[in-house]
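Hi,

Here is the structure I promised you. Have a look at it first, and then read on for what turned up.

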Amino acid sequence: MATNSDNDRKFDAILEKLGEMAALDFSTTIPTDEEDNSLNAIAMGVNMLGQELENTVVEKTKLESTNKKLEEFVYITSHDLQEPLRTINSFTDLLATQYQGKLDDAANQYLAYISEASNRLRDLVSDLLDFGRIGQNSTLTTINMNDVVQNVVNDLNQLIEENQAKIKSEQLPELVGYRKEIHFLIQNILSNAIKFKNETPPLITISANDNMRFWQFCIEDNGIGIAKDQQQKIFQIFQRLHGKKDYDGTGIGLAHCKKITELLGGDIWVESTPKVGSKFYFTISKQLGK
Ligand code: ADP
C-alpha cells in the first residue's frame, strides 16, 4: 500500500519536473519547422504531468481520509478499553491483598500472571491513546532545537547517568514546528539509543543539516544496530525486534516518531550496521506555517 511518504516523494518528483519545465528558455530561437513539434511535445508533457498530479492528489486525499478514520477508530477503541481494564486491575489487586496467605502457590502464580498481563495491556492502551492524540490541539511555534535537546537531556538525566551515556550535540537550528511533538521525537530516539546499547557505554551525537526545503537531523549511536531487513519494520506500530525480557518497551515509540515527522512535513529513516550502531535521520519541512 502506498504511504503518505511515498506520495510525498511522488509529489516532489512531479513538482521538480514542473519546475524544470517552467525554467525552459523559450526565448531561444528554434527553427520554425521544429518549433511546433517542440511546443506540442511540451504541451503533451504538461498534460501528462497535470494528469499524474491530479491522480496523486486524489490518491493522497483518499489515503489521508482512511488514515484519519483509522486513527479515530484506534482512539475510540483504546479509550473504551480503559474502563474494563481498570476493573480487572482493581479486582486483581483486591484478590491479592484480601486473600493473602489463603491461596496456594499455584493460585498466587496465576494471580501474578493476570496482574502482569493487565499491566502490560494498560501500557499498550495508554500508548495507543497517546498515538491517537498526536497533533491534536498543537500549535506551531518558533523552536530553538538546542533548547529542546537540552530539555530532553534533563528529562533523561537518570537514564543517562545509569548507563554512563555521553551525548554530544552540534549547533542546531531554530525552526517552526510543534514543540511537544518534537520533544517527544527526540526523547524517543535518544532513549532508544541509550537502551539498545552495546557492551561499551552509549556515545550519541546529534547534528543537523540545511537541506534546502527541509532541516535534516541525525542522531547517531554506537549501540547494537539493526539488520538491514528489519530497518523498515521498526517504524510500524507494536513492531519490536527483541523480547520484553531483553529490553523493556511496547514497540510504539518509532511509530509515534513516524507520525510526528509526517505531521512536520518530513520523514524518518535509519541507517544501521549490527553491532556497530545506528543513525536515525529525520526531516522537518521549512514550509510549516508559511
Ligand atoms: P520500543 O523501544 O518500545 O521497543 P520503538 O518503536 O521505539 O519501541 O522501537 C522499535 C524497535 O526498534 C525496538 O524494539 C528495537 O528493536 C529497535 N530499535 C529502536 N531504536 C534502536 C537503536 N537505537 N538501536 C537498535 N535498535 C533499535
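Leucine 241 reaches the ligand through its backbone: an N or O atom there lies 3.3 Å from one of the ligand's oxygen atoms. Keep in mind that this is a predicted model.

Two side chains also make polar contacts with the ligand. Lysine 195 has a polar side-chain atom 2.9 Å from a ligand oxygen. With aspartate 221, the partner on the ligand is a nitrogen atom, 2.9 Å from an N or O atom of the side chain. As for how much of the ligand is covered, on its own it has 530 Å² of accessible area, and the protein covers 98% of that.

Where does the ligand sit? The space it takes up is the second largest pocket. Three elements each give two or more residues to the shell around it: helix H6 (179–195), helix H7 (253–263) and strand E7 (277–285). H6 has the largest share, with four residues.

There are 22 residues around the ligand, and the ones that come nearest are Asn192, Lys195, Arg240, Gly251 and Leu254. Sorted by class, the shell is made up of 10 polar, nine nonpolar and three charged residues.

Now for the protein as a whole. It has seven helices and seven strands, and along the sequence they run α-α-α-β-α-α-β-β-α-β-β-α-β-β. The protein is 290 residues long, and 33% of them count as buried.

That's what I have for you. Shout if anything is unclear.

Cheers

Key: Residues numbered from 1 in each chain as written. Predicted model: local features only at pLDDT ≥ 70, side-chain atom pairs only at ≥ 80, totals over all residues. Heavy atoms only, no water. Near = heavy atom within 4 Å. Polar contact = N/O pair within 3.5 Å; in protein donor to acceptor, adjacent residues only side chain to side chain. Areas by Shrake-Rupley, 256 points an atom, 1.4 Å probe, with all protein chains shown as cover. 1 Å grid on protein atoms, 1.4 Å probe; cavity = no way out; pocket = protein on both sides within 12 Å on 5 of 7 lines; lining within 4 Å. Sits in = over half its atoms within 2 Å of the grid points. Nonpolar A, V, L, I, M, F, W, Y, C, P; charged D, E, K, R; others polar. Buried < 20%, exposed > 50% of the residue type's maximum accessible area, 1.4 Å probe, protein only.
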